[in-house]
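Student: Could you take one part of this model and go through it slowly with me, explaining each term as it comes up? I would like to see how the pieces around that part fit together.

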Amino acid sequence: MISTYRAPLEQVDEARTAHLAFVDELQRAGVLVSAGRQDPPVGGILLLDVESEARAHELLADDPYVRQGLADYAATGWQPTRGGLADWKSPTA
(Lines give C-alpha, C1' and ligand atoms only; values in the text may rest on other atoms or scores of the structure.)
Protein backbone atom coordinates (compact mmCIF):
# COMPACT_ATOMS: atom_id res chain seq x y z
CA MET A 1 0.00 0.00 0.00
CA ILE A 2 1.38 3.38 -1.02
CA SER A 3 0.20 6.36 0.97
CA THR A 4 0.02 9.95 -0.19
CA TYR A 5 -0.13 12.72 2.38
CA ARG A 6 -3.16 14.97 1.96
CA ALA A 7 -2.12 17.55 4.56
CA PRO A 8 1.00 19.58 5.28
CA LEU A 9 3.87 17.56 6.72
CA GLU A 10 3.60 19.43 10.03
CA GLN A 11 0.06 18.08 10.50
CA VAL A 12 1.09 14.58 9.44
CA ASP A 13 3.96 14.64 11.92
CA GLU A 14 1.58 15.58 14.76
CA ALA A 15 -0.20 12.23 14.19
CA ARG A 16 2.99 10.24 13.51
CA THR A 17 3.30 8.69 16.98
CA ALA A 18 -0.26 7.33 16.75
CA HIS A 19 0.39 6.13 13.18
CA LEU A 20 3.57 4.31 14.23
CA ALA A 21 1.70 2.64 17.10
CA PHE A 22 -0.87 1.49 14.52
CA VAL A 23 1.92 0.10 12.31
CA ASP A 24 3.31 -1.73 15.36
CA GLU A 25 -0.10 -3.39 15.76
CA LEU A 26 -0.03 -4.53 12.12
CA GLN A 27 3.36 -6.10 12.81
CA ARG A 28 2.11 -7.85 15.96
CA ALA A 29 -0.86 -9.16 13.97
CA GLY A 30 1.58 -10.73 11.49
CA VAL A 31 0.39 -8.83 8.40
CA LEU A 32 3.20 -6.28 8.08
CA VAL A 33 6.25 -7.29 6.04
CA SER A 34 7.94 -3.89 5.97
CA ALA A 35 7.11 -0.20 6.20
CA GLY A 36 8.71 3.19 5.80
CA ARG A 37 8.30 6.80 4.80
CA GLN A 38 9.05 7.89 1.27
CA ASP A 39 12.01 10.19 0.64
CA PRO A 40 11.15 13.00 0.16
CA PRO A 41 8.35 12.62 2.76
CA VAL A 42 5.26 12.78 0.55
CA GLY A 43 3.78 9.53 1.91
CA GLY A 44 4.87 6.06 2.86
CA ILE A 45 4.80 2.41 1.88
CA LEU A 46 3.36 -0.48 3.87
CA LEU A 47 4.17 -3.90 2.49
CA LEU A 48 1.38 -6.16 3.76
CA ASP A 49 0.83 -9.90 3.60
CA VAL A 50 -2.95 -10.08 3.14
CA GLU A 51 -5.26 -12.13 0.96
CA SER A 52 -6.83 -9.24 -0.96
CA GLU A 53 -6.78 -5.54 -1.71
CA ALA A 54 -10.11 -5.26 0.12
CA ARG A 55 -8.52 -6.69 3.29
CA ALA A 56 -5.63 -4.22 3.04
CA HIS A 57 -8.04 -1.29 2.78
CA GLU A 58 -10.10 -2.69 5.65
CA LEU A 59 -7.03 -2.84 7.89
CA LEU A 60 -5.81 0.61 6.94
CA ALA A 61 -9.17 2.25 7.60
CA ASP A 62 -8.06 2.33 11.27
CA ASP A 63 -4.78 4.12 10.53
CA PRO A 64 -4.81 7.49 12.36
CA TYR A 65 -3.58 9.12 9.16
CA VAL A 66 -6.67 7.86 7.34
CA ARG A 67 -9.11 8.58 10.17
CA GLN A 68 -7.83 12.16 10.41
CA GLY A 69 -7.86 12.72 6.63
CA LEU A 70 -4.09 13.19 6.53
CA ALA A 71 -3.30 10.45 3.99
CA ASP A 72 -4.90 7.92 1.74
CA TYR A 73 -3.64 4.60 0.40
CA ALA A 74 -3.49 3.05 -3.05
CA ALA A 75 -2.96 -0.67 -3.48
CA THR A 76 -0.23 -2.05 -5.69
CA GLY A 77 -0.02 -5.83 -5.91
CA TRP A 78 3.42 -7.38 -5.97
CA GLN A 79 4.92 -10.86 -6.13
CA PRO A 80 8.64 -10.80 -5.30
CA THR A 81 10.68 -13.13 -7.49
CA ARG A 82 14.23 -11.90 -6.81
CA GLY A 83 16.19 -10.51 -3.90
CA GLY A 84 15.80 -10.76 -0.17
CA LEU A 85 12.03 -11.19 -0.17
CA ALA A 86 11.79 -13.69 -3.03
CA ASP A 87 11.55 -16.63 -0.62
CA TRP A 88 9.78 -14.78 2.17
CA LYS A 89 7.10 -16.75 3.98
CA SER A 90 4.59 -15.34 6.42
CA PRO A 91 5.51 -16.15 10.03
CA THR A 92 1.85 -17.05 10.57
CA ALA A 93 1.71 -19.46 7.60
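Tutor: Let us start with strand E1 (residues 2-5), which pairs with E4 in the antiparallel sense over four bridges; two strands pair if DSSP finds at least two bridges between them, and helices (H or I, at least four residues) and strands (E, at least two) are DSSP runs, numbered from the N terminus. The model is a predicted one, in which local features need pLDDT of at least 70 and side-chain atom pairs count only at pLDDT 80 or more, while totals for chains, interfaces and linings use all residues. Residues are numbered from 1 along each chain as its sequence is written, and side-chain values use heavy atoms, with hydrogens and water left out.

Within this pairing, Tyr-5 stands opposite Ala-71 in E4. Strand E4 (residues 71-74) has a covered face with Ala-71 and Tyr-73, and an uncovered one with Asp-72 and Ala-74.

Tyr-5 also takes part in the one aromatic pair that a search of the whole structure finds. Its partner is Tyr-65, and the two rings are edge-to-face, 5.9 Å centre to centre with 90° between the planes; rings of Phe, Tyr and Trp (its six-membered ring) pair if their centres lie within 6.5 Å, and planes under 30 degrees apart count as stacked, over 60 as edge-to-face and the rest as tilted. The pair links distant parts of the chain, since Tyr-5 is in strand E1 and Tyr-65 is in helix H4 (residues 64-67), 60 residues apart. Both tyrosines, Tyr-5 and Tyr-65, are buried, where buried means under 20% relative accessible area, exposed over 50% and partly exposed in between (1.4 Å probe, protein chains only).

Tyr-73 of E4 leads us to the largest nonpolar core, which has twelve residues in all, among them Tyr-73, Phe-22, Val-23 and Leu-26; a nonpolar core is a set of buried Ala, Val, Leu, Ile, Met, Phe, Trp, Tyr and Cys residues joined through side-chain atoms within 4.5 Å. Helix H2 (16-28), strand E3 (44-48) and helix H3 (53-60) each supply at least two residues of this core. Tyr-5 and Tyr-65, by contrast, belong to a second, separate core of seven residues, which also includes Val-12 and Leu-70.

Finally, the buried residues of H2 are His-19, Phe-22, Val-23 and Leu-26. These residues cover an arc of only 100° around the axis (the arc of the directions from the helix axis to the C-beta atoms), and therefore they lie on the same side of H2. The face of H2 turned away from its buried side carries the exposed residues Thr-17, Gln-27 and Arg-28.
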